Amino acid sequence: MENLLQATPADRTPADGARGRRAQQTDNFLLQNLSAADFALIAPHLERVPFEVGDALARAGTPIEAVWFPEGAIAGVLDALEGDHRLAIGLVGQEGFLGWPLLLGDDTWPHDGVMRAEQGHAMRLPAAVLVEATTRSDTLRQTLLRFVNVFMLQMGRTIVSSLAHPVERRMARWILLYHDRVRADEICMTHEEFRLMLGVRRSTVTEALHKLEEDGAVRTGRGKVIVQDRARLIDLAGDTYGRAEREYRRLIIGNAT
């Protein structure tokens with residue numbers, strides 16, 4: 001089953017030499033889909049930083065000193081309630097970046113960003129460099145804002161799904177979001193991780209996982225979920241999954257230069 005966040009051979013053209021060279025420099029799809037001129041504005045300032053699961057990229061209420069472009073790593077975007085009770089509102093992986101409030105006139109992190117699922121790297125770019133580069137290039141700013149739009153669609157569907165759909169459907173969606181962003185069918189996902197995403201008790205998480213297993217969509221192990229049938233997961237997720245991913249292909253991959 002196709003991963004809608006990645007470019008397929010049909011999306012690439014023989015004239016894609018500049019994009020090919022950028023792909024050798026970074027595994028972040030958003031950076032790969034920048035024009036050569038836009039990438040050149042920021043490339044000298046990008047620094048690859050390793051991360052472990054649980055490491056923080058952002059802390060709500062603190063200044064945005066750098067933006068992050070994940071490479072083979074997933075950042076869970078978390079909002080906090082009273083008592084340090086945090087819930088997941090979205091995911092960002094190789095398809096995007098964290099630090100978009102800078103493009104909207106804010107220099108403070110609105111949410112926590114915590115690495116999830118697997119260790120990996122992220123490209124660090126100083127905030128001041130991004131701000132200057134986007135003032136020099138309307139196309140760079142536009143491409144980054146297109147991703148912000150896609151993330152808002154993902155976050156909006158998270159809200160709607162939380163209000164309207166049963167736990168099993170919501171769980172299928174979250175597993176798909178992770179599967180889009182990891183490098184294998186085996187995903188490190190604990191009951192605590194599901195609790196953050198679903199806002200339910202651990203016993204409810206266990207029951208929902210058992211139902212997905214009985215349906216043949218996944219297999220579970222200690223601290224992991226193995227995707228067995230992606231197509232079945234998509235059927236189970238229904239309209240909770242797909243819109244943001246299709247918009248990413250249209251707005252980012254389809255508009256790459």
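Begin by selecting strands β8, β9 and β10, which in this predicted model form an open sheet of three strands, ordered β8-β10-β9 and paired in the antiparallel sense. β8 (186-187) and β9 (218-221) are the edge strands, and each has a single partner, so one side of each is left without a neighbour in the sheet. To look at one of the pairings in detail, keep β8 and β10 (residues 224-227) on display: the two are joined in the antiparallel sense over two bridges, and Ile 187 has Val 225 in β10 as its bridge partner.

Now zoom out to the whole protein chain, which has ten helices and ten strands. Of its 257 residues, 51% are buried. If one takes the contacts between residues at least 6 apart in sequence, 73% of them join residues at least 24 apart.

Next, select helix α6 (residues 167-181) together with helix α7 (residues 191-198), whose axes lie 11 Å apart and which pack at an angle of about 110 degrees. The two helices are therefore roughly perpendicular to each other, and α6 passes α7 in a right-handed crossing. To see the contact itself, show the side chains of Val 167, Arg 170, Met 171, Trp 174, Ile 175 and Tyr 178 in α6, which meet Glu 193, Phe 194, Met 197 and Leu 198 in α7. Sorted by class, this contact of α6 with α7 comprises eight nonpolar residues and two charged ones, with no polar residues.

Stay with α6 and centre the view on Met 171, which lies in that helix. Is Met 171 buried or exposed? Its relative accessibility is 0%, and Met 171 therefore counts as buried. Leaving aside neighbours within four places in sequence, the residues in contact with Met 171 are Phe 194, Leu 198, Val 205, Ala 208, Leu 209 and Leu 212. For a distance to check in the viewer, take Met 171 and Leu 198, which are 27 residues apart in sequence, while their C-alpha atoms are 7.3 Å apart in space.

From here, move to helix α10 (residues 243-253), which is mostly covered, with eight of its eleven residues buried. Those buried residues are Ala 244, Glu 245, Glu 247, Tyr 248, Arg 249, Leu 251, Ile 252 and Ile 253. Adding α2 (29-32), α5 (138-164) and α6 to the selection brings into view some of what covers the buried residues of α10.

The tour then turns to another sheet, for which β1, β7 and β3 should be selected: these three strands form an open sheet in the order β1-β7-β3, again with antiparallel pairing. β1 (47-51) and β3 stand at its edges, each with a single partner strand, so that one side of each is left without a neighbour in the sheet. On average, and with direction ignored, neighbouring strands of this sheet are turned by 35 degrees against each other. Helix α4 (residues 127-136) packs on the sheet, where it touches β3 and β7, and the direction of α4 makes about 65 degrees with that of β7.

Finally, isolate β3 (residues 66-71), in which six of six residues are buried. In a regular strand the side chains alternate between the two faces of the sheet. Which residues of β3 are buried on each side? Ala 66, Trp 68 and Pro 70 are buried on one side, and Val 67, Phe 69 and Glu 71 on the other, so that both faces of β3 are covered. Six bridges join β3 to the antiparallel strand β7 (residues 120-126); among the partners to pick out in β7 are Leu 125, which is bridged to Val 67, and Ala 122, which is bridged to Pro 70.

Note on methods
Residues are numbered from 1 along each chain as its sequence is written. This is a predicted model: local features need pLDDT of at least 70, side-chain atom pairs count only at pLDDT 80 or more; totals for chains, interfaces and linings use all residues. Side-chain values use heavy atoms; hydrogens and water are left out. Axes are lines fitted to C-alpha atoms, for helices over the stretch in contact, and angles run from 0 to 180 degrees between N-to-C directions. Helices (H or I, at least four residues) and strands (E, at least two) are DSSP runs, numbered from the N terminus. Angles under 35 degrees count as roughly parallel, over 145 as roughly antiparallel, 65 to 115 as roughly perpendicular and the rest as oblique. A crossing is left-handed if the near helix is turned anticlockwise from the far one by less than a right angle, and right-handed if clockwise. Contact means heavy atoms within 4.5 Å. Ala, Val, Leu, Ile, Met, Phe, Trp, Tyr, Cys and Pro count as nonpolar, Asp, Glu, Lys and Arg as charged, and the others, Gly among them, as polar. Two strands pair if DSSP finds at least two bridges between them. Buried means under 20% relative accessible area, exposed over 50%, partly exposed in between (1.4 Å probe, protein chains only).
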